[in-house]
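Work through these exercises with the structure open. Each task is followed by a stepwise solution.

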Amino acid sequence: MNVRTTVREHTLAVAAVLSTVALALVFAAALRVVPPELLPRAPTAVVDAIPHVNALVSAVAFVVVVLGVRAIRAGEVEHHRKRMGTAFGLFAVFLVAYLYRVALEGPTAFPGPAAVEQFVYYPVLGIHILLAIVCVPLVIYTLLLALTHSVAELPETRHPTVGKAAASLWLVSFVLGTVVYLMLYVVFPG
């Protein structure tokens, strides 16, 4: 039995394992489980540029997901596959860069007024984080279905249903992440 067949027959279990590993890495970086001095250190300018580059990556990923959704609605399966694969790649780039910076520097402190922090920033950040956590298993599951089934088989799987939910939540998470970025670096620059 090859890997593709195994994943196809156990897609939900494989998605659960991969999601658990991915989220464990996210929480390990966010909680700074690995001491920062053990990580290779990029030049300060590179580390400082990560939030700005990630904001651009998020904006591009948002557009790519929207184009992917429009493609599948128009019946353009190959365009949909390419765009959603690109969105996943952009998400991976974002995540690696974000986790690297957080593992080195820790979370960015909110530089604005305490009232805005309590009543606007934390709720937006909390919803963004919650949606991002929920999106990880949905996106991985949807991607595994796409990778292990033919185009003709996909409508008979959970791919269309889970994919709609994943894309919708992913888009909202991207928007809220951008709002967090704007609040940290544009509206209330530190």
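**Exercise 1. Determine the handedness and orientation of the H3–H4 crossing in this predicted model.**

Solution.
- Handedness: H3 and H4 cross in a left-handed sense.
- Geometry: the two axes come within 8 Å and cross at roughly 160°.
- Class: angles over 145 degrees count as roughly antiparallel, so H3 is roughly antiparallel to H4.
- Chemistry: the residues of this contact split into 22 nonpolar, six polar and three charged.

**Exercise 2. Place Leu90 and decide whether this residue is buried or exposed.**

Solution.
- Location: Leu90 sits in helix H4.
- Accessibility: the relative value for Leu90 is 19%. The cut-off for buried is under 20%, so Leu90 counts as buried.
- Partners: leaving out residues up to four places away in sequence, Leu90 touches Val57, Val60, Ala61 and Val64.
- Spacing: Leu90 and Phe62 are 28 residues apart along the chain, and their C-alpha atoms are separated by 9.7 Å.

**Exercise 3. Describe how H3 packs on H6, from axes to side chains.**

Solution.
- Geometry: the axes of H3 and H6 are 10 Å apart, at an angle of about 155°.
- Class: that angle makes H3 roughly antiparallel to H6.
- Handedness: H3 and H6 cross in a left-handed sense.
- H3 side: the contact uses Pro51, His52, Ala55, Ser58, Ala61, Phe62, Val65, Val66 and Val69.
- H6 side: these meet Ala167, Trp170, Leu171, Phe174, Val175, Thr178, Tyr181 and Tyr185.
- Chemistry: the H3–H6 contact residues divide into 14 nonpolar, three polar and no charged.

**Exercise 4. Take Ser58, a polar member of that contact, and find its surroundings.**

Solution.
- Location: Ser58 belongs to helix H3.
- Accessibility: Ser58 counts as buried because its relative accessibility is 9%.
- Partners: setting aside neighbours within four places in sequence, Ser58 contacts Phe94, Phe174 and Thr178.
- Cross-check: Phe174 and Thr178 are also listed on the H6 side of the H3–H6 contact.

**Exercise 5. Classify the H4–H6 pair and list the residues that join the two helices.**

Solution.
- Extent: H4 covers residues 77-105 and H6 covers residues 159-187.
- Geometry: their axes come within 13 Å and cross at roughly 40°.
- Class: that makes H4 oblique to H6. The cut-off for roughly parallel is under 35 degrees.
- Handedness: H4 passes H6 in a left-handed crossing.
- Residues: His80, Met84, Ala87, Phe88, Phe91 and Arg101 come from H4, and His159, Ala167, Trp170 and Tyr185 from H6.
- Chemistry: seven of these contact residues are nonpolar, two are polar and one is charged.

**Exercise 6. Which residues have the most contacts inside the largest nonpolar core, and which elements supply this core?**

Solution.
- Background: in soluble globular proteins, nonpolar side chains tend to be buried together.
- Size and centre: the largest nonpolar core has 28 residues, and Val65 and Trp170 have the most contacts inside it.
- Supply: helix H2 (11-30), helix H3 (44-73), H4, helix H5 (114-148) and H6 give two or more residues each.
- Main donor: H5 gives the most to this core, with eight residues.
- Around Trp170: beyond its neighbours within four places in sequence, Trp170 contacts Val65, Ala87, Phe88, Phe91, Cys135 and Val139.
- Second core: a separate core of nine residues includes Phe110, Val124, Met183 and Leu184.

**Exercise 7. Locate Val26 and name the residues that Val26 touches far along the chain.**

Solution.
- Location: Val26 is in helix H2.
- Partners: with residues up to four places away in sequence not counted, Val26 touches Leu95 and Leu99.
- Spacing: Val26 and Leu95 lie 69 residues apart along the chain, with 8.3 Å between their C-alpha atoms.

**Exercise 8. Examine the backbone of Arg32 and state what is notable about its phi.**

Solution.
- Rule: most residues other than glycine have a negative phi.
- Value: Arg32 has a positive phi of about 55°, although it is not a glycine.
- Location: Arg32 lies in the loop between H2 and H3.
- Accessibility: Arg32 counts as partly exposed, because its relative accessibility is 33%.

Notes. Residues are numbered from 1 along each chain as its sequence is written. This is a predicted model: local features need pLDDT of at least 70, side-chain atom pairs count only at pLDDT 80 or more; totals for chains, interfaces and linings use all residues. Side-chain values use heavy atoms; hydrogens and water are left out. Axes are lines fitted to C-alpha atoms, for helices over the stretch in contact, and angles run from 0 to 180 degrees between N-to-C directions. Helices (H or I, at least four residues) and strands (E, at least two) are DSSP runs, numbered from the N terminus. Angles under 35 degrees count as roughly parallel, over 145 as roughly antiparallel, 65 to 115 as roughly perpendicular and the rest as oblique. A crossing is left-handed if the near helix is turned anticlockwise from the far one by less than a right angle, and right-handed if clockwise. Contact means heavy atoms within 4.5 Å. A nonpolar core is a set of buried Ala, Val, Leu, Ile, Met, Phe, Trp, Tyr and Cys residues joined through side-chain atoms within 4.5 Å. Buried means under 20% relative accessible area, exposed over 50%, partly exposed in between (1.4 Å probe, protein chains only).
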